[in-house]
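Visitor: Please take a close look at one part of this structure, the place where two helices from separate chains pack together. I would like the geometry and the residues involved.

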Amino acid sequence: MTTLTKAFEERRKTFAKRFNWEYFLLDNLTGSRALTIWVTVLFLVTLGTFIVQLGVAPGRTLILTLIWAAGIAMVVAGELFGLHTPISRWLKDNLLSSVSNTLVTLLILLLVAQVSSGIWHWGYTTATFDSTRTAPDVRSEGATWGVLWGARKLILTGTLSPEHTWRVVLAGVMVIVLWLLSFIATRPSIKASMGYLQRISIILWLMAPIAAYILLAGIAPSEQLISISTLLTGLVIVLALMGLLWFFKVITLDPVSIAVWVLAWPVGYLIWQLIGRTGLFPPINVDEWGGLLLTIIFAIAVNLLSFPLGILLALGRRADVQGIPGWLVWPVAIMATVYFLATNTPELWTTSRNNIERLLALWPLLILIVAYFYMRAFHGNLVQAFSVVFIELIRGVPLITLLFMAIVMAPFFSATGEAIKNFWAVIVGYTIFSAAYMAELVRGGLQAIPKGQYEAADSLGFNVLQKYRFIILPQALRILIPPLAGSVIGTFKSSSLVALVGMFDLVGIVRGIIGNGQWLGLRSELYAFMFVLYFVVSSGVSWYSRRLEERTGLGVR
Amino acid sequence: MGQISATPSPPTSNSLVSRLASYIFDVRFLGVLGQIAFIIVLILGARTLFSNFAGNAAKLGEAQFICRDGSFSYRCAYDFMDNEAGFDISDAPLEYTNTDSYWWAFYNGVLNTFRVGLLAVVATTILGTLAGIARMSENWLVAKIALAYVEIIRNTPLLIQLLLIYFSIILALPDIKEAVQPFGLPIFLSNRGLNLPWPLLMSSASAWVAFLVLGAIQFQVLWILLGKREEVTGHKSNRLIWGVIGFIVIASIGWFVSSSVADNEGLLVARGSRIREIEDIEKIMLSRAGVNHVDDFKTLSDEKREEVALKICVLRDSASEPNFTNKLRAMSIPYDVDRAGSPDRATADFVEGNCEVFAAPKSVLAAEIATLENPGAHLIVPIKETPVVWHIPHFEGFNVVGGYSMTGEFFALFIGLTVFYAGGLAEEVRAGIMSVSKGQTEAARALGLSEAQRLQLIVLPQALRVVIPPLISTYLSLMKDTSLGLAVAFPEMYLISQTLLNQSGRALQIMIIIMLVYLSISLTFSVLLNWYNSRVVFVER
């Protein structure tokens with residue numbers, strides 16, 4: 001008995017040593033006026049939420065509150081009587097460190113429980129998953145997930161005619177096989193024993209876009225098998241390109257690579273024509289593509305196309321070439337101004353109807369203004385001027401304006417006045433937009449390279465191409481992995497905007513599905529599905545980029 | 001960057017040819033030559049495009065450049081904008097009918113773009129800062145929820161978020177008849193949007209504002225004087241509290257003075273109505289309804305209430321309406337409002353007997369009374385006013401009227417933009433605060449600065465330097481993304497321009513205007529950014 005009292009007495013003493021009401025209140029409630037008000041408001045809000053929740057879902061609320069109270073009890077026991085367990089210590093550090101934190105914890109528990117149970121109720125408890133029970137009159141009150149299975153054809157490939165589905169599947173299989181191949185090839189053990197595998201996978205990846213194009217767009221069979229002029233023109237272009245790169249010492253020539261370069265075009269051309277002849281892959285109208293297929297095509301094509309264009313623009317923006325000298329620019333500008341002022345302005349001025357038109361009649365003065373800014377801001381450097389103006393103009397307008405312009409304005413500016421396919425118009429508009437943003441990213445990467453690297457390359461006698469090819473770009477691109485991944489995700493996400501200009505990508509086709517009598521009004525299900533899909537893919541890409549970053553060792557400095 | 005040119009190799013012989021060759025093959029010379037060639041190509045390309053356009057414009061859209069007299073001229077490109085628009089705008093910020101011009105419709109769209117954009121900018125700043133701070137909260141749950149919010153928002157397209165918010169949340173809200181009223185406040189949330197109480201300024205507000213300015217001056221003077229005394233005596237003088245109290249005192253004196261002196265509001269009534277002052281209305285209504293006490297008005301049946309209701313004419317969107325009806329509601333008198341577009345219209349209604357009283361500023365009423373056939377039979381009854389009057393939304397039939405109303409489309413776009421951009425901003429805010437090294441905080445504490453001083457003098461100036469540049473680009477992107485109003489049918493500039501385009505077929509002209517507007521918005525933000533960057537020059541360590 002005495003030992004028990006003694007033990008109790010000891011505990012009481014430690015309690016008194018560990019706990020002091022005055023300090024507790026000072027720390028948690030009365031420390032400052034703001035703290036008092038904050039805790040009071042928080043308490044009232046939490047109490048209100050608790051009471052409301054108790055009315056809505058008593059069981060859930062009580063259980064959560066009991067768990068919360070148990071957590072408090074554990075922490076109190078741990079703090080006052082030295083009975084800490086790892087769990088109670090974690091709770092104390094992270095959730096229940098002060099009165100306000102404790103209240104916030106309960107408030108958030110209750111709110112999260114309400115939101116997630118609401119979603120669960122709609123998406124699972126009261127939902128139907130039967131793809132035959134989607135008509136408006138047999139739906140349950142919750143989600144009708146059957147629409148996803150029922151409309152799978154539309155969601156995946158849109159309006160593409162079913163006879164071509166096997167080609168899409170084949171393209172998908174091709175990508176998966178290639179990915180597996182490169183995955184296997186980069187395993188350390190395989191890399192050591194079969195080094196050539198990686199080379200093969202890289203070559204196959206490079207060929208993949210062409211194969212995908214043949215599969216998805218097809219080749220129109222041509223009348224004659226070989227057109228000599230096309231063959232020769234192509235060959236000359238390839239050889240000229242090779243010569244240029246060789247001249248700038250970007251590539252070296254040995255018998256094998258010469259053979260590859262010389263044969264690449266004729267062989268490729270011949271194979272292309274032969275495949276066209278077989279009629280295995282008849283051409284598909286690109287505007288028939290739709291659904292997820294179109295979204296993926298946009299995301300990949302635009303990213304691939306805008307990348308080189310973006311690098312070019314970025315290099316252009318930083319180009320340090322000798323500008324056109326002022327003694328050349330000014331006379332030309334002044335002469336042009338005077339010429340147009342003398343020939344064009346009088347006519348416009350005399351026929352003008354109001355002051356705005358009178359002002360516009362003086363447009364030749366604009367030449368002088370442009371020349372002034374050109375010389376002042378760019379010192380006559382046209383490459384830089386063009387890149388800067390292009391990038392800033394594109395970045396200044398919303399994407400849908402550009403897409404719309406590409407679709408609507410294209411026929412006005414084409415020589416024949418015929419509309420090009422919407423798909424190509426959107427690809428062009430979107431690539432230009434994406435390239436402008438990519439250019440700014442790449443510029444950031446280029447700026448991050450220390451100046452010494454540029455100087456070192458110069459002092460080693462590298463020419464411009466070599467300098468960028470061997471010194472600058474490899475370093476810049478490594479720095480650029482995270483922002484580039486962000487941009488890839490951004491392009492993928494923004495590709496949903498093409499729906500607003502009438503394309504039937506995932507979002508566009510979903511709008512069509514919602515309007516379909518069988519699935520009329522099943523918006524939330526489809527939107528939620530797209531939401532999750534985009535989220536999974538985007539998070540996947542950003543996770544992969546982080547892994548890539550770790551692998552290239554950039555994270556470790 | 002190093003120079004691109006390789007200096008010409010020294011000429012081996014001094015002959016003219018080799019000298020010339022060494023100049024010609026100089027990279028600088030070739031570069032300039034290339035740029036000149038590029039300019040020529042650009043001009044030629046532009047010429048080709050323009051001539052293509054001129055050819056196609058005649059072919060594709062014959063009416064593109066037709067003047068009003070039927071002739072063809074490029075100078076008439078924008079003549080069509082004076083034509084009658086012929087379509088309605090569901091949420092026009094200014095007075096707009098479908099007989100107004102295209103210009104007016106477009107201008108309304110531009111205003112809508114700014115309305116939703118600027119409101120979202122403010123809300124994004126607040127929400128983004130809160131979320132950024134929550135990301136660093138010591139409460140694990142709060143930090144994780146903020147993280148989940150940021151990750152989910154940043155990894156899904158804005159378009160789908162907008163569609164979800166509009167179609168799955170806003171349109172799923174209850175009907176206007178069962179509008180949600182959070183905490184019983186006069187806030188109505190329904191599938192038609194949101195109605196909020198909104199303060200309206202009466203004409204006496206100018207006098208009150210003068211008092212507010214006086215209060216502010218008082219605050220400043222007190223602040224400086226007490227501050228000097230603090231310095232001299234070393235005693236803390238609570239100058240903030242005294243300043244605020246003084247300000248409140250002056251503001252409330254100003255409130256009472258300006259509301260008792262003000263004599264701008266009036267009621268136009270017929271002499272025969274026996275209304276001589278506003279309290280008479282109560283007596284008249286009591287006898288008309290046949291009840292003894294104002295509280296009994298509530299017990300009347302709906303039909304009876306409608307029958308006895310006081311018929312009021314007001315000008316649409318005038319502050320006189322809430323000023324008068326708030327008083328009627330305080331007396332629980334049933335009334336029936338007829339909103340007219342112009343004073344003449346309202347007077348006509350009044351003369352026709354559609355309403356018993358016409359509430360408006362006295363100056364308007366005096367002008368209207370002069371136009372009546374027998375001015376002597378009418379008189380103006382003064383109504384008391386306060387400088388600011390709350391316009392409180394309430395049911396009128398099956399509609400909620402009054403206050404500041406956001407349509408569902410506006411609300412969806414506003415919420416969507418705010419939630420999306422706040423997710424990005426949260427990360428920027430976090431990065432900014434993290435960029436201030438811990439040593440700075442410790443140094444501030446070591447110097448004995450208070451927490452507020454530490455934030456104000458040490459942390460914020462350094463964090464803002466990092467936060468503000470991305471913040472401004474966020475704002476710019478937000479302004480551009482208001483064009484997604486198209487997806488939720490909010491009539492902002494882009495949607496209106498689409499309608500204009502469908503109606504008129506003038507693609508080029510309309511594209512040029514909207515490009516110019518967007519470019520000037522982004523130019524403004526760029527200038528702002530450059531100005532800030534030049535002010536806060538980053539000092540390289």
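Guide: What follows describes one helix pair and then the chain contact around it. The model is predicted: local features need pLDDT of at least 70, side-chain atom pairs count only at pLDDT 80 or more, and totals for chains, interfaces and linings use all residues. Residues are numbered from 1 along each chain as its sequence is written, with chains lettered from A and ligands numbered from 1 in the order in which they are written.

Helix α26 (residues 523-551) of chain A packs against helix α5 (residues 158-170) of chain B at about 155 degrees, with the axes 10 Å apart. Helices here are DSSP runs (H or I, at least four residues), numbered from the N terminus. Axes are lines fitted to C-alpha atoms over the stretch in contact, and angles run from 0 to 180 degrees between N-to-C directions. The angle therefore makes α26(A) roughly antiparallel to α5(B) (over 145 degrees). From α26(A), the contact (C-beta atoms, placed from the backbone, within 7 Å) is made by A:R523, A:S524, A:Y527, A:M530, A:F531 and A:Y534, and from α5(B) by B:I160, B:L163, B:L164, B:F167 and B:S168. These residues divide into eight nonpolar, two polar and one charged. Nonpolar means Ala, Val, Leu, Ile, Met, Phe, Trp, Tyr, Cys and Pro; charged means Asp, Glu, Lys and Arg; the others, Gly among them, are polar.

The contact between the chains takes 48 residues from chain A and 50 residues from chain B. On the side of chain A that touches chain B, α26(A) supplies the largest share, nine residues. By class, that side has 27 nonpolar, 14 polar and seven charged residues.

How values were computed
Helix = DSSP H or I, 4+ residues; strand = E, 2+ residues; numbered from the N terminus. Parallel < 35°, antiparallel > 145°, perpendicular 65-115°, else oblique. Contact = placed C-beta atoms within 7 Å.
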